[in-house]
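Trainee: Please take me through one part of this structure at close range, and then show how that part fits into its surroundings.

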Amino acid sequence: MMKKPLTLALAASAILVLAGCSAGAAAGDVAAKPSFELSVNTPAPTGELDKLTWSIYAEPYSLDYAYAFDYADNQVLANVCESLLSMNPDMSVSPGLATKFENKTPTTWVYTIREGVKFHDGTTLTADDVVASMSRHLDPKVGSFWFSAYANVQGIEKTGAHQVTVTTKVPDALFNESMSGAAGVIESKATLAKAGTDYGNSTGGVNCTGPFELTTWQSGEKLNLARFDGYWDKDRAAKAKELEFVIQTDTVARVNALKSGEIDGGWLLPSNAIGELNASGAGQMYFGVNSTVSSLVVSNPAGPLGNPEVRKALLMAIDRNGLVQAAESGYATRTNALTTQSVWDQADAATQEAAFGSLVDYPYDVEAAAKIIQEQGVAGQEITITTAPMGNNFAVTAQATAAAAESIGLKATINTVTPNAYSALFSDPAAREGTDLFYTSWYLSVGNPLEMFSILRTGDFSNYGSWSNPEFDKVVNQGLQSTDRKVGFAKAAEAQAIVNKELPWLPLNESPTNLWMNNKITGASPSVNYLYYPWAAHIGSK
Amino acid sequence: MAQSNLATATATAPTPGATSPQRSAIPALKLAASKIGSFLFTVFVSSVIVFFSRWLVPGDPINFLLRGRSPNPEAIAEVTAIYGLDKPPLEQYWNWVTGIILHGDFGRSLQYRQDVSDVILGRLPVTLGLVVMAGLMIAILGLAAGMCAALVRGSWMDRAIVASMSGLAAIPSFVGAIVLIAIFAVQLRMFPSFGSGNGFGDMIYHLVLPSLALALSFIAVVGRVTRSSMVEQFAREHVEVARSRGITPAAVVVRHVLRNATGPILTVSGLLVAGLLVSSAIVEQAFGLAGMGSLLVSSVDRLDFPVVQAIVLIVVTAFVAINTLVDLLGPVIDPRLKAGEGAR
C-alpha cells in the first residue's frame, strides 16, 4: 500500500536548508523509494452506469482534433473521436479505424480502412473522410498544432475503395505512430465542410466515430456526452449512458467535489492533494504509466549555462530527491533521462539497458559542484530563472534551483511572470530573452523516445536553448529515417547518452499518471493513453 | 468600493441642468439631446481606449493561437490574415467598429476559435440571472431596511439597522461568497455550492447564494442612501405642513417623503450597476459559474483580446446607458429638475 509522504512544509524547508549551506552538505544522494505503486488496470466493472461525472481542471480550448494538444482537450476528445490506430495502455499501437497498416516502401504508408463504421450522424466512414481529415493538418489556413507530425508528408491519397496511402519525402518512423493520437483522428468529410471554421467549438461540435457522442457543450461549465449506440466495437461500447465533464479550474473546489462524491473521478490531480483524497476514503487513487519528465530547460546559450560543465555543476547542486518530496509530495521519481522508461517499452532488453544502464548520475554534491564553478571561472555570474504562479511544483522548483545556484557561487534571480507570459516562453524567442532556465513537464504523445530527441536537433522550434551537437543530430536523423524499429531504438539510446552528458535540459523527475475513481465506479486503466484512447467507455459500476 | 460609490453618488446627485425659467418642452429636449450626445461620445472614446490598449500589452496574439506548438511557417501568415492581425491598427479598429455596428460582429475569440458574440451569448443567461436576482434583492431588502430605519429614526432599532448596514457594506463579495458557501452549502446543505444547474427553475435555485453574495454590500449602500434621504425629507417644511393638515402618516410617507427621496436613490442605483457587473466576476469565480465575469477573467489570462474588448465595451456601454437613463428619468420623477428650480 501507499506510504505516507513526508509533510510538505518539512520537506520544503529541508531542501532549502540543504541547498543553502554549501560547506556542510553531505555528498551523494541515496535513491528514495517511490511512495506509490503503479497499476496496469483497475478492477473490472460489474454493471452499467446511468451517469458518469468527471472533473477536468480546465475547459478544452477546442474539440477540433487539429487543435487538441493539451490534457483537457484530449481526455474529452479521446472518448468522442477515434484515430486510424489505437494506443494501448503501454503506448504500443494496434489497429483502430484502420484494420491494417503497411510500410510498402520506406516512404509509403498504406492504411486499410475499417468497413461498417458509423459516424454519430449515422453516415458510414469512407476513405474520402480519411483523406479529408488528414489533409487538414497540411492546410496552412487551419494552422494545425499537429503539423510537426505531418512535416514530412508529401501526399495523402485514396488508393482504393477502402485504402489510403500516405507518401513522405523521407522515411518517417514517427508518422505512423502519431496516427494513434489526435494527429490520426478521422472526422466526417461532410461535417468538416458544413461546420467550416466553427468545427470543434461549442457551437460547431464534432461528428466522429467514438463510443460517446457530444450532446451539449455549456461553455465554461460542462460538456455532456451520450453513449453512441451505433458504435462499431462491441468490446469497447460504453458502459455509462451519459458522461458529463465538469470544468473545475479551482483546485480546492475540485478536490472537495471528489471527496464528497459529487463528482465520480478525475485525471491529473495535484500531487499535494493526493494524501487528502486518500484519507477521505471516498474512493481510490491509481497510478500508472506516464511519458512525462519534469526538467529545467536551459534557454540562454550566451549565459553561464551555455557551458556544459556549469550545467552539470548546477544539476549536482540540486537535491533532486528532496525536490521529489517538496514539489511532488513524493509522487515522483528522480531521473537522469529526458524520457521515461515507458516510451522504450517496445525496445528489446539490451537496448533498454543501453539507454538507461550507463547514464551519468550527477549525485547531489554541492562541494564538488562549487569546485567546478570555480574551475570554470563563472563564480559570481548571474542566472535568471523564470517561473509562474502555476502550482506548488513551479514555486518549489524555482526556489530550490535558485538556492542550488547560490550554493555553488552563482547569482540567481527568480523572475515570476503570468501564466500566459510563461506559455509564451514555449513559442516566442523574444519572450525567452533574459531567461536562463525555466521549468517544464514535457510529455510524449507516442511510445517512441525519438519524439523527444527530435525537438533537440539543431534549429528545431522547441530547441529553446539553441543547443547544437552535430553527432546528436546525425544519430537522431538516422533513427527517425529508419523504418526498422530496432534501429530507431538503438539510435535513440545513443541520443539519450549524448543528452545525458551534455544536459541541454536538466532532468529532475518523472511523475506517474494519476487517476481518482470514487467507490461507485471502476474500470479505467491508469495510463497516459487516456489522452488518445476512449478510457471512459470501460468505466462502469463496481 | 461600496463606500466610494456612495460618495460619488452624493457628489453627482442630479443638479438642475437647464436654466430657462419657462416650463416648455424645448429645454427638456435639449437636455435629452445633450445627454445622448455625451453618451455616444463616452462610448466612442472608451471604444478607442479599449481597442488600442491591446498594443500596450506585451505578447503577440499569434503566439497564443499557436500555444507553443511547432508551426507550419505558412500557417502563421495565414492565421494572422484570418484574424485580420496583419492590417494596420487603424484599419483593424475601423473593421472592428463597423463589424459591431453593422453586423453585431465582435470578431473571433482566440481561445475558443468561435465568434465572440456566440461566446458571450452562451455566458449571458447566467450573468443576467445573477444581476437581475441581485438587483431585486438590493431593491427589496435595501429599500425595506432604509425605510424601516427612517420610520423609526433615532430609536435603538434605527441604530441597529445602520450599524449592521455599515458592517455589511464593508464585506467584500469574495468574503461574503466564502461565508455563504460555508454556512448554507457545506453546513446546512440548503443550496448547491457550484454550477448553474439545468433549466430555468434549477438555475434560479443555483443562483440564490451567488446573487446574495453579490447583493450584500449593495443592499447596505441602498439602505443607507434611502434612510438618509428620507430622514432629510421628514425634516422638511412641506412634510410638517402635510402632517399638520391631518394627512394620514402612510400617505405622508408615500406621497411626500418617499417620492422626494427617490432622486438620490435612483442615482445611486444607476451607479451600482457598474459595481454589480464588476463584482459578478469575483462571485462567478467563487461559485464556479460560467458567466461573463469569469469569462473576462479567463480571457485576460489567455490574452484573448477580442473577448476582453467586447466585454469591456458592453459593460461600459451598459453603465453609461443606465446612467444616461437615470439622468433623463430624473426630471420625470422630480419636476423641480425639469423646471430648473435652483433652490429646494
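Mentor: Let us begin with a pair of side chains: Glu48(A) and Arg227(A) are joined by a polar contact of 3.3 Å (N or O atoms within 3.5 Å, one able to donate a hydrogen and the other to accept it; residues adjacent in sequence count only through side-chain atoms). The model is predicted, and local features therefore need pLDDT of at least 70, side-chain atom pairs pLDDT 80 or more, while totals for chains, interfaces and linings use all residues. Residues are numbered from 1 along each chain, chains are lettered from A and ligands numbered from 1 in the order written, and side-chain values use heavy atoms, without hydrogens or water.

Glu48(A) itself belongs to the loop between helix H1 (8–20) and strand E1 of chain A (helices are DSSP runs of H or I with at least four residues, strands runs of E with at least two, numbered from the N terminus). Leaving aside residues up to four places away in sequence, Glu48(A) touches Arg227(A), Lys239(A) and Ser541(A); touching here means heavy atoms within 4.5 Å. Another residue to locate is His538(A): although 490 residues separate it from Glu48(A) along the chain, their C-alpha atoms are 9.8 Å apart.

The sheet that contains E1 comes next. It is an open sheet of seven strands in chain A, ordered E8-E9-E10-E1-E11-E19-E12, and its pairing is mixed; two strands pair if DSSP finds at least two bridges between them. Strand E8 (212–218) and strand E12 (283–288) of chain A stand at the edges with a single partner strand each, so one side of each has no neighbour in the sheet. From one strand to the next, the twist averages 20°.

At one end of this order, E8(A) pairs with strand E9 (residues 222–227) of chain A in the antiparallel sense, over six bridges. Two positions show how the residues are matched. Gln218(A) stands opposite Lys222(A) in E9(A), and Glu213(A) has Ala226(A), also in E9(A), as its bridge partner. Three residues lie between the strands in the hairpin of E8(A) and E9(A), where Gly220(A) takes a positive phi near 90°. In a regular strand the side chains alternate between the two faces of the sheet.

Two helices lie across this sheet. Helix H2 (residues 71–80) of chain A lies across strand E1 (49–56), E8, E9, strand E10 (240–247) and strand E11 (265–267) of chain A, and runs at about 165° to E10(A). Such angles go from 0 to 180 degrees between N-to-C directions of lines fitted to C-alpha atoms, for helices over the stretch in contact. Helix H7 (residues 251–260) of chain A crosses E1, E11 and strand E19 (513–518) of chain A, at about 140° to E11(A).

A charged pair also belongs to this region. Arg236(A) and Glu82(A) form a salt bridge, their closest N and O atoms being 2.9 Å apart (a side-chain nitrogen of Lys or Arg within 4 Å of a carboxyl oxygen of Asp or Glu). This pair links distant parts of the chain, 154 residues apart: Arg236(A) is in the loop between E9 and E10 of chain A, and Glu82(A) in the loop between H2 and strand E2 (85–87) of chain A. Over all chains, the count of salt bridges is 21.

For comparison, consider a second sheet of chain A. This open sheet of four strands has antiparallel pairing and the order E4-E5-E7-E6. Its edge strands are strand E4 (98–105) and strand E6 (153–160) of chain A, each of which pairs on one side only. E4(A) and E5(A) pair in the antiparallel sense over five bridges, with Ala98(A) opposite Ile113(A) in E5(A), and a hairpin connects these two strands through two residues. Strand E5 (residues 108–113) of chain A also pairs, in the antiparallel sense and over five bridges, with strand E7 (residues 163–168) of chain A; there Tyr111(A) stands opposite Val164(A). Helix H3 (residues 127–135) of chain A lies across E5, E6 and E7, running at about 170° to E6(A).

Finally, chain A has a partner. In the contact between the chains, 33 residues of chain B meet 35 residues of chain A. Two salt bridges are found across this interface; in a salt bridge of 3.8 Å, N to O, the side chains of Glu59(A) and Arg123(B) meet. On the side of chain B that touches chain A, helix H3 (61–66), helix H4 (73–82) and helix H6 (116–151) of chain B each supply at least two residues, and H4(B) gives the most, with five.
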